[in-house]
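Good morning, and thank you for making the time. I should like to take the group through one structure, beginning with the overall fold and then turning to individual residues.

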Amino acid sequence: MGIKTIEGNLIAQEGNYAIVVGRWNAFIVESLLAGAIDALKRHGVSEDNITVVRTPCAFEIPLTVKKVAQTNKYDA
């Protein structure tokens with residue numbers, strides 16, 4: 001008996017995506033942001049469907065994410 005594998009489709013050509021990042025510690029954050037954008041693009045997301053929202057520091061990220069989610073403009 002072999003191993004059964006169930007995999008989802010990793011192509012996300014539709015949908016709008018928001019990425020919330022803090023401006024603090026830009027040396028690290030910008031690399032993480034670039035990686036997140038690259039991952040979305042490799043899975044079929046158009047740059048037109050990606051929005052980057054910047055906050056002053058990490059402290060503001062949770063409230064900003066809540067506000068972004070409440071707009072109902074983004075799928076993830």
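I shall start with the basis of the model, then describe the fold, the core and several loop positions.

What is on the screen is a predicted model, in which local features need pLDDT of at least 70 and side-chain atom pairs count only at pLDDT 80 or more, while totals for chains, interfaces and linings use all residues. Residues are numbered from 1 along each chain as its sequence is written, and side-chain values use heavy atoms, with hydrogens and water left out.

First, the fold. The protein has two helices and two strands, where helices (H or I, at least four residues) and strands (E, at least two) are DSSP runs numbered from the N terminus. Along the sequence they follow the pattern β-α-β-α. Strand E1 covers 17–22 and helix H1 covers 26–42; strand E2 covers 50–55, and helix H2 covers 61–70.

How does the radius of gyration of the protein relate to that of a compact globule of 76 residues? The protein has 15 Å, whereas such a globule would have a value near 11 Å. For this figure the radius is taken over C-alpha atoms, and the globule rule is 2.2 Å times the number of residues to the power 0.38. The C-alpha trace spans about 55 × 30 × 25 Å along its principal axes.

Of the 76 residues, 21% count as buried. Here buried means under 20% relative accessible area, exposed means over 50%, and partly exposed lies in between, with a 1.4 Å probe and protein chains only. The accessible surface comes to about 6100 Å², and 58% of it belongs to carbon and sulfur atoms; these areas come from the Shrake-Rupley method with a 1.4 Å probe, and for residues only the protein chains shown count as cover. Among contacts with a separation of 6 or more, 70% are between residues 24 or more positions apart, contact meaning heavy atoms within 4.5 Å.

Let me turn to the interior. Which residues make up the largest nonpolar core? There are eight: Tyr17, Ile19, Val21, Val29, Leu33, Leu40, Val45 and Ile50. Strand E1 and helix H1 are the elements that give two or more residues to this core. By nonpolar core I mean a set of buried Ala, Val, Leu, Ile, Met, Phe, Trp, Tyr and Cys residues joined through side-chain atoms within 4.5 Å.

One core member, Leu33, is in contact with Ile19, Val21, Val52 and Arg54, leaving aside neighbours within four places in sequence. Val52 is found in strand E2 and, at 33% relative accessibility, counts as partly exposed. With the same neighbours within four places left aside, Val52 is in contact with Ile19, Val21, Leu33 and Ile37. Val52 and Val20 are 32 residues apart in sequence, yet 5.9 Å apart in space, C-alpha to C-alpha.

Next, the loops. Between H1 and E2 we find Asn49. Is Asn49 buried or exposed? Asn49 is buried, with a relative accessible area of 19%. Beyond its neighbours within four places in sequence, Asn49 is in contact with Gln13, Gly15, Asn16 and Tyr17. Ser46 lies in the loop between H1 and E2 as well and is partly exposed at 33% relative accessibility. The C-alpha atoms of Ser46 and Glu14 are separated by 8.4 Å, with their positions 32 residues apart along the chain.

In the loop between E2 and H2 sits Glu60, partly exposed with a relative accessible area of 27%. Glu60 and Gly22 are 38 residues apart along the chain, and their C-alpha atoms are separated by 7.8 Å.

Finally, the backbone. Most residues other than glycine have a negative phi. Asn25, in the loop between E1 and H1, has a positive phi of about 60 degrees and is partly exposed at 42% relative accessibility. Asn72 lies in the segment after helix H2, and its phi, near 60 degrees, is also positive. Asn72 is exposed, with a relative accessible area of 69%.
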